[in-house]
Amino acid sequence: MTEAQARLDQAVEEVNEAMRRYGHRLLLDEEPIPLPLLRALYWDYLEVGARQIATSFGIRAANDVHRLVGPDRRTANCRGGCGRTVERNRASRAAAQASGGHGSRSWRLCDDCRERLAVEEQATADRWAQRHAQEDAEDRELLHQAIASGRKPVARFVEYEGVPGTWHIDDDGS
Ligand SMILES: [Zn+2]
């Protein structure tokens with residue numbers, strides 16, 4: 001099991017536990033089940049089992065939870081700031097899972113903004129990689145110069161790609 005999976009399992013277990021306690025208190029107090037909460041649990045937390053939701057809130061069967069919450073039809077303003085309205089329309093949890101199960105935040109992006117943000121993230125990652133590569137190249141160049149000039153600097157241990165052996169260099173590269 002991966003660490004991420006273990007963390008997710010742990011989080012789901014905590015939600016289950018909190019849901020059970022809360023649901024049982026409602027039952028004891030003979031309070032009605034808050035439908036918005038039920039809806040959020042059912043449609044935004046696909047990892048939480050419908051069966052668990054049912055038993056926590058004293059609902060007879062998982063199917064009855066589905067009947068209570070109804071299909072997932074929502075509209076929201078796109079978080080990408082394009083001014084468009086996005087909508088979510090899902091009839092079943094299986095369909096939600098199949099569509100990638102975008103969580104409670106990520107679905108509030110239109111396809112264009114989702115794509116644009118992904119491209120921007122990639123560009124940022126590329127810029128970082130490029131900068132690191134450039135810094136490495138500059139370090140190597142300094143080392144080559146030090147070797148060429150026959151100096152034997154003495155401050156840091158370094159090993160550089162393509163340069164045999166381990167070298168000492170000063171922090172200023174001389
Ligand atoms: Zn958008």
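Here's a quick tour of the fold, the core, the helices and strands, and a couple of backbone angles. The model is a predicted one. It has 6 helices and 4 strands, and just 7% of its 174 residues count as buried.

**Overall layout**
- Reading from the N terminus, the elements go α-α-α-α-β-β-α-α-β-β.
- Take the contacts between residues at least 6 apart in sequence: 43% of them join residues at least 24 apart.

**The nonpolar core**
- The largest nonpolar core is a set of 8 residues. Its members are Met 19, Leu 41, Tyr 42, Trp 43, Ile 53, Phe 57, Ile 59 and Val 65.
- Helix α2, spanning residues 35–44, supplies the largest share of this core, with 3 residues.
- As background, nonpolar side chains in soluble globular proteins tend to be buried together.
- Leu 41 makes a handy starting point if you want to click through the core, since it is one of the members. Skip its neighbours within four places in sequence, and Leu 41 is in contact with Met 19, Val 48 and Ile 53.

**Helix α6**
- Helix α6 covers residues 111–148, which is 38 residues.
- From first C-alpha to last, α6 reaches 55 Å, close to the 56 Å you'd expect at 1.5 Å a residue.
- There's hardly any cover on α6: the count of buried residues among its 38 is 0.
- Just after α6 comes Gly 150, with a positive phi of about 75 degrees.

**Strands β1 and β2**
- β1 (residues 72–77) and β2 (residues 85–90) pair up in the antiparallel sense, with 6 bridges between them.
- To find the register, look at Arg 73, whose bridge partner in β2 is Asn 89.
- β1 is hardly covered: none of its 6 residues is buried.

**An odd phi at Glu 30**
- Most residues other than glycine have a negative phi.
- Glu 30 isn't a glycine, yet it has a positive phi of about 55 degrees.
- You'll find Glu 30 in the loop between α1 (3–29) and α2.
- Is Glu 30 buried or exposed? It counts as exposed, because it has 6 C-beta neighbours inside 10 Å, and the cut-off for exposed is 12 or fewer.

Notes
Residues are numbered from 1 along each chain as its sequence is written. This is a predicted model: local features need pLDDT of at least 70, side-chain atom pairs count only at pLDDT 80 or more; totals for chains, interfaces and linings use all residues. Helices (H or I, at least four residues) and strands (E, at least two) are DSSP runs, numbered from the N terminus. A residue is buried if 20 or more other C-beta atoms lie within 10 Å of its own, exposed if 12 or fewer, and partly exposed in between; C-beta atoms are placed from the backbone. Two residues are in contact if their C-beta atoms, placed from the backbone, lie within 7 Å. The expected span of a helix is 1.5 Å times one less than its number of residues. Two strands pair if DSSP finds at least two bridges between them. A nonpolar core is a set of buried Ala, Val, Leu, Ile, Met, Phe, Trp, Tyr and Cys residues joined through C-beta atoms within 7 Å.
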